[in-house]
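Visitor: I would like to be walked through this model, one question at a time.

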Amino acid sequence: MDFLGETLKWWDKWLGGKENDVLNAPLISAYIEEGMRPTSKVERVGGRFVALEDEGDLEARGYFLHPYKLVRGERSKEFIPICTPQAHGLLAGEWMGAGVLGESPCDQRMDDGMAIIFESEILKEDMDILGFPRLRIKLASDKPKAMLFAQLSECREDGFVQRVSYGVLNLALSEDKSRFVPLRADEFIERELRLDACGHRFARGSRIRLSLANTFFPMFWPMPYRSTLKVDLSCSEFILPLFKGEDSAVNLQPQSAPKTPLTLLKKGRVDRKISYDILSDTWTCVTDGVGGGVFGEGVYRFDAVDVLVWHNLKRKLSIKNDDPLSAKYTIWQTMKIGREGEMMQADIVLTQTSDEEAFFLRGRMRVRENGREIFVKKYDEKIKRICH
C-alpha cells in the first residue's frame, strides 16, 4: 500500500492545515492475511485490506477447552497438566522481523508436538478474525515462578500448521505486571493472556489450533526451574475476534523517497541452523551473517560520503531439554566503518547464562583505529533474578 502517501496526507491535514480526504478514511484500515503453506522464506503474503469502523464489525466467539479439543457448548470438568521440554519454540522464527529470509516461523508441527494442543472441528466455511485473541484460564503451578505460552495456528487440510499469533505471560507477576508475586504451590489463579493482534482468514476445511506450553526457547529465557502447570478446563476459554465488516479501498501503488546511493562491495547472506546432540540431549541454534551484514546486506559503501560499512553478527543459543539452567546465549559482532586512512573497527563478544538466583553477562569489547587498539573493556556482571 502507499503508506508514505497516507502518512503525508495525515500530516498535511493536522500540521499543515490543508484540506484533504483524510477524514474519509476508516477508523482503522487493516490487512487480513490469507492462509499459506508455512515457510521460513516469505516474500509475499496474500490477503486484503478491510475497514474497521466500530465495535459492530467484530464479534467475540468463545471456545471452551476440552481435553485436546476446542468446543462451542458445554464446559469440560477435566484438568490437564502442562510440562513442556525446554527446547519448545525452536521453529518460532525471529521476535523482530526485518524482512530477512529465514526469520518467519516454519511449519509448527514440530513445536506443537512438544506442546499441549486443542483443536476445533473442521471449519465448514471461511472465517476471518481481526484483533486480539484472548485466553481466559485458571491454573496452578508447583513452583513459585512459571510462564504460560499460548499460540494460535491454522491446521491446514494438507497437514501443515501455520502460526497466526502468540502470547506469553509471566505468571509470577501481578495482574498489572507491576510487582513480583510468587506463586503458591498448587494454588489456582485466574489470568487472561492477550495474544498479539492479528488479521487472518481461516480457510474452509482447516482447523483452529490452540497450543499451550510453559517454555518457549530461544525467544524467551527459561524460568530457573522446570515447572508443571495444572489447568482447570472448567474455567478456561479461548476467545477469537471474528471480523464481520467490509473491505477497504486502499491505494496499492506504493511510493518512496529515492534510495541513498551506495555501492555493494561484497554480497552477504544469513545462515540459520539448528542441530541436536543426541548424547547430551542438547539443541543449538546458530544465526550467522556471512560476508558482512547483520541482515545479509553485505559490505557496502555510501557513495556521497565515501564511507564503507561492514557489520557482521553471529549468535549461538543452546539448551538441554531437561535443564533450564543450561541455557546459554553468545553473540559475536564486528562493526567496521570509515574510509581509507580513517577506519574504525569494534569487535564485541558477549555471553549470557544463569543459575537459580542470577543472570551472568560476560564478554569483551575491543576497538581499533586504523588497526591500532584504542579501547578495551571487559564485562563480568551478575544480575539478581527477581520475577523471572
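**Strands, faces and rings**

Guide: Strand E9 (residues 147–155) and E13 pair in the antiparallel sense over seven bridges. Strands are DSSP runs of E of at least two residues, helices are runs of H or I of at least four, and both are numbered from the N terminus. Two strands pair if DSSP finds at least two bridges between them. This is a predicted model, in which local features need pLDDT of at least 70, side-chain atom pairs count only at pLDDT 80 or more, and totals for chains, interfaces and linings use all residues. Residues are numbered from 1 along each chain as its sequence is written, and side-chain values use heavy atoms, with hydrogens and water left out.

Visitor: Which residue in E13 does Ser153 stand opposite?

Guide: E9 covers residues 147–155 and pairs with E13 in the antiparallel sense. In E13, the residue opposite Ser153 is Arg209.

Visitor: Which strand pairs with E13 over four bridges?

Guide: One contact point is Ile116, which stands opposite Leu212 in E13. The pairing is antiparallel, and the strand, residues 116–119, is E6.

Visitor: How many residues of strand E13 are buried?

Guide: Buried means under 20% relative accessible area, exposed over 50%, and partly exposed in between, with a 1.4 Å probe and protein chains only. Strand E13 spans residues 207–213 and is mostly covered. Of its seven residues, the number buried is six.

Visitor: Which side chains of strand E11 point to one face and are buried?

Guide: In a regular strand the side chains alternate between the two faces of the sheet. In E11 (residues 189–194), Glu190, Glu192 and Arg194 point to one face and are not buried. The buried ones, on the other face, are Ile189, Arg191 and Leu193.

Visitor: What is the bridge partner of Lys138 in E11?

Guide: Strand E8 (residues 134–141) and E11 pair in the antiparallel sense over six bridges. In E11, the partner of Lys138 is Glu190.

Visitor: Why is the pair of Phe79 and Phe188 stacked, tilted or edge-to-face?

Guide: Rings of Phe, Tyr and Trp (its six-membered ring) pair if their centres lie within 6.5 Å; planes under 30 degrees apart count as stacked, over 60 as edge-to-face and the rest as tilted. By this rule the count is 11 aromatic pairs. The rings of Phe79 and Phe188 have centres 5.9 Å apart and planes at 55°, so the pair is tilted.

Visitor: How many residues apart are Phe79 and Phe188?

Guide: Phe79 is in strand E5 (residues 79–82), while Phe188 is in the loop between strand E10 (161–170) and E11. The pair links distant parts of the chain, and the separation is 109 residues.
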